[in-house]
Amino acid sequence: INKEKLIESTLELADEGFRELFPFLPKEWLELNLTAGQLRALLLLYTNGPTRMSDISSELGVSMATATGVIDRTVERGIVVRESDPNDRRIVRCRVSREGERLVSGLWLSWSERAKVMLRTLDRPRLLAVKNFLEAMLEAGENTRGQW
């Protein structure tokens, strides 16, 4: 099997694996009662930390007006906070509030608990293979950061 076919079959397996891990998350995500844009903004801020509105707009691939509307609604929900930059009061940064952190942490915890159940069914050699795979993927991610 050539390398490209091996990559394709690996991605197909990864897709199946994610489908096993994520059936519990969509239900919980729907219970959040957030639009897709609000969830994307929340996850962006959770991942990146405090972010300027122009960067939020750029990262989400939407206009500044659309990003502002999305953030306005997340602020109203209490899951995002706007703060002035202490070094330059003209700059406003958005960050996840404690409530927002609680929501996102709950999503990751649900995923983690499902993953634990699945991983516990593996024998030691297969568990080590999964661990080695994930370490290799993280290394590949570091090595290719900024290339896509």
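Helix axes here are lines fitted to C-alpha atoms over the stretch in contact, and the angles between them run from 0 to 180 degrees between N-to-C directions. With that in hand, let's look at some close-ups of this predicted model.

**Figure 1. Helix α3 packs against helix α5.** Welcome to the first close-up, where α3 (residues 36-48) and α5 (residues 64-77) pack at an angle of about 80 degrees. Their axes lie 9 Å apart. Angles from 65 to 115 degrees count as roughly perpendicular, so α3 and α5 are roughly perpendicular to each other. Look for G37, Q38, A41 and L45 on the α3 side; they meet V70, I71, R73 and T74 in α5. Sorted by class, this contact has 4 nonpolar, 3 polar and 1 charged residues.

**Figure 2. Helix α3 also packs against helix α4.** What is the angle at which α3 and α4 pack? For α3 and α4 (residues 53-60) it is about 120 degrees, and their axes are 11 Å apart. The crossing in which α3 passes α4 is right-handed. From α3, the residues R40, A41, L44 and L45 take part, meeting I56, E59 and L60 of α4. The residues of this contact divide into 5 nonpolar, no polar and 2 charged. You may recognise A41 and L45 from the previous view, where they meet residues of α5.

**Figure 3. A salt bridge links R95 and E83.** Side chains of opposite charge can pair when their charged atoms come close. A search of the whole structure finds 8 salt bridges, and this view shows one of them: the side chains of R95 and E83 meet, with 2.8 Å from N to O. Where in the chain do R95 and E83 sit? R95 is in strand β3 (residues 88-96) and E83 is in strand β2 (residues 80-85), so the pair links distant parts of the chain, 12 residues apart. Partly exposed covers the range between 20% and 50% relative accessible area. R95, at 28% relative accessibility, therefore counts as partly exposed, and E83 does too, at 34%.

**Figure 4. Two salt bridges in helix α6.** Now turn to α6 (residues 98-120), which holds both R102 and E99. R102 forms a salt bridge with E99, and their closest N and O atoms are 2.7 Å apart. Because R102 and E99 are 3 residues apart in this helix, about one helical turn separates them. E99 counts as partly exposed, with a relative accessibility of 33%. Another salt bridge joins the side chains of K116 and E113, at 3.5 Å from N to O. K116 and E113 are also 3 residues apart in α6, so about one helical turn lies between them. How accessible is K116? At 35% relative accessibility, K116 counts as partly exposed; for E113 the value is 36%, which means that E113 is partly exposed as well.

**Figure 5. The surroundings of R82.** For the last stop, find R82 in strand β2. Is R82 buried or exposed? The answer lies in between: R82 is partly exposed, with a relative accessible area of 32%. Which residues does R82 contact, leaving aside its neighbours within four places in sequence? They are M53, T68, I71, D72, V75, V92, R93 and C94. One of these, I71, also appears in the first view, among the α5 residues that meet α3. L6 gives a sense of distance: its C-alpha atom and that of R82 are separated by 46 Å, with the two residues 76 residues apart along the chain.

Technical notes: Residues are numbered from 1 along each chain as its sequence is written. This is a predicted model: local features need pLDDT of at least 70, side-chain atom pairs count only at pLDDT 80 or more; totals for chains, interfaces and linings use all residues. Side-chain values use heavy atoms; hydrogens and water are left out. Helices (H or I, at least four residues) and strands (E, at least two) are DSSP runs, numbered from the N terminus. Angles under 35 degrees count as roughly parallel, over 145 as roughly antiparallel, 65 to 115 as roughly perpendicular and the rest as oblique. Contact means heavy atoms within 4.5 Å. Ala, Val, Leu, Ile, Met, Phe, Trp, Tyr, Cys and Pro count as nonpolar, Asp, Glu, Lys and Arg as charged, and the others, Gly among them, as polar. A crossing is left-handed if the near helix is turned anticlockwise from the far one by less than a right angle, and right-handed if clockwise. A salt bridge is a side-chain nitrogen of Lys or Arg within 4 Å of a carboxyl oxygen of Asp or Glu. Buried means under 20% relative accessible area, exposed over 50%, partly exposed in between (1.4 Å probe, protein chains only).
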